[in-house]
Amino acid sequence: MKSSSFTILLFFLVSSSSSSSSSLLQASINGLKHEDAHIKRSDFPPGFLFGAATSSYQVEGAYLQDGKSLSNWDVFCHSTGCAENGDNGDIADDHYNRFMEDIELMDYLGIDSYRFSISWARILPRGRFGEVNPAAIIFYNNIIDNLILKGIKPFVTINHNDLPQELEDRYGSWLNPEMQEDFLYLAEVCFKSFGDRVKYWVTINEPNMYIYLAYEFGTFPPSRCSEPFGNCVNGNSDVEPLVAMHNMLLAHGRAAKLYHQEFQPTQGGLIGLVAHCYMFEPLTDSELDREAAKRAFAFNVAWPLDPAVFGEYPEEMRKYLGSNLPNFSLEEKSFMNNSIDFIGINHYSAIYTKDCTNSSCSATGNRAIQGFLEMIGECDGRLIGERTGLEYLFVVPRGMEEIVNIIVTRYHNKPMFITENGYSSPDLQEQRVNELVNDVKRIEFHTSYLASLAKSMREGADVRGYFVWSLLDSYEWLEGYNVRFGLYYVDRQTLTRIPKLSAKWYKNFLTNNSVVIDKSASRGNRLFGKDVI
């Protein structure tokens, strides 16, 4: 079926079911515990932010429009090919030219906040070696101003994986302390240009995940690694991740210090750091595997968060990495300590952990940089949870409550936001239309994870917001456009946005309705009382 006909079909299917949806999106979700079955917006406190999220490279497109320079991802995708099928972010969702349309979609949903990121190569095409791009300032001002007109709070990430390629070419980006100066300049430009209206800032998104992929396994640019983690031209997987993370954390700390001292007193916002947070569960009940789970948290989540809260790396990392782990000077400790006003949690999945200090493991698991542990998705032939569109993510709702509670304990209940939580279904061709129009699994995912989050909050966790990943089906890095997390489907030929069933669910949830999912009914009949496919 050609794309234009497919789009017309989707519009027909969605519109044909809309008239009966409002009255029937009620009651409980089959399969949840009884006490969590009726999760509603009113289960969360007044002022709690519900939102949706994107990032610049994944949605903006316009990769050379209005003075933007080539980013690391532009060069990576054009040279080596970042997705197996050749997909790239040159056009993405064309959010750069369609942001007004997308803000209307947000307004339809009724969200409180929109989390998006700044394109470094758009704002500062040559970093601190060139001029600020006025067209970029206008673009982001337009987004911010129009969000505010709709009553939607901007929640801005300064860096989400992309950076000007010139900084990589000049001095090796995050492997060089000079990168701290460039990031500080970027942050200052953002605070000066947008901080009078932006009250929520994230310095860097998922430094732990980015560093692993870019400098340990070499699958993200600049593609640096060594055996046994990968076969890259250059790199040292045992050392470079530690150097790059150190520079990234110091860049965060210096930007946070600048904000706290020079901008927060007059602008009144908050600034935080976002970590990718698996819930690590022991593979067995053995003491070794239980210790491995604790070590996995230290080597992944606490790696960026401990320095941002306590000014020190986790003790577990120091024990196993020794002198390879950089040190913070006394001055650096002083500005790193309590450098965040909130913790951003990107949580999707739980994972099993297996000890490798006293067990046979793979070549990568048996390394200090990994904490001498392996992460595994199944135990005794049973998966930890239902599969998703990404082989390393599983549906494990209990993990939300568990990871939040661990972070509450370790960081003394510092304010938290769930800055990403989302579901992608396996990309089965024969299920594509059903998935796009009637994504019941995504609704089940968000409802069950929200119920788990609400439970941790009833126990005292100071969580202040929840962002669905993502607003739109977008460019999912190495997976291209084959993996979809969006509340809205984006036709790749026309770029038409089409609301999925999950968009309707979210809108109803945000007006304090609950939702019925009858698993014994046909998929089309589950939520609307009639078949739509």
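Me: Before we start, what does accessible area mean here, and how much does the chain expose?
Reply: Accessible areas come from the Shrake-Rupley method with a 1.4 Å probe. This is a predicted model, and carbon and sulfur atoms supply 50% of the area its chain exposes. The total exposed comes to about 19,600 Å².

Me: What share of the 533 residues is buried?
Reply: To count as buried, a residue needs under 20% relative accessible area. Out of the 533 residues in the chain, the share that passes is 61%.

Me: How many helices and strands are there in the chain?
Reply: Both kinds of element turn up in this chain. The count is 19 helices and 17 strands.

Me: Which helix gives the most to the largest nonpolar core?
Reply: That core has 163 residues, and W174, V404, L453 and Y506 are those with the most contacts inside it. One helix, spanning residues 240-267, puts twelve residues into this core. The top giver is helix 10.

Me: What does Y506 touch, leaving aside residues up to four places away in sequence?
Reply: Y506 is among the residues with the most contacts inside the largest core. Setting aside residues up to four places away in sequence, its partners are F50, G51, L109, I111, Y466, V468 and L487.

Me: Why is helix 9 largely enclosed by the rest of the structure?
Reply: Helix 9 covers residues 207-216. Its buried residues include P207, Y210 and E216. It is largely enclosed because the number of its ten residues that are buried is nine.

Me: Which residue just after helix 9 takes a positive phi?
Reply: The phi there is about 70 degrees. The residue is G218.

Note on methods:
Residues are numbered from 1 along each chain as its sequence is written. This is a predicted model: local features need pLDDT of at least 70, side-chain atom pairs count only at pLDDT 80 or more; totals for chains, interfaces and linings use all residues. Side-chain values use heavy atoms; hydrogens and water are left out. A nonpolar core is a set of buried Ala, Val, Leu, Ile, Met, Phe, Trp, Tyr and Cys residues joined through side-chain atoms within 4.5 Å. Buried means under 20% relative accessible area, exposed over 50%, partly exposed in between (1.4 Å probe, protein chains only). Helices (H or I, at least four residues) and strands (E, at least two) are DSSP runs, numbered from the N terminus. Contact means heavy atoms within 4.5 Å.
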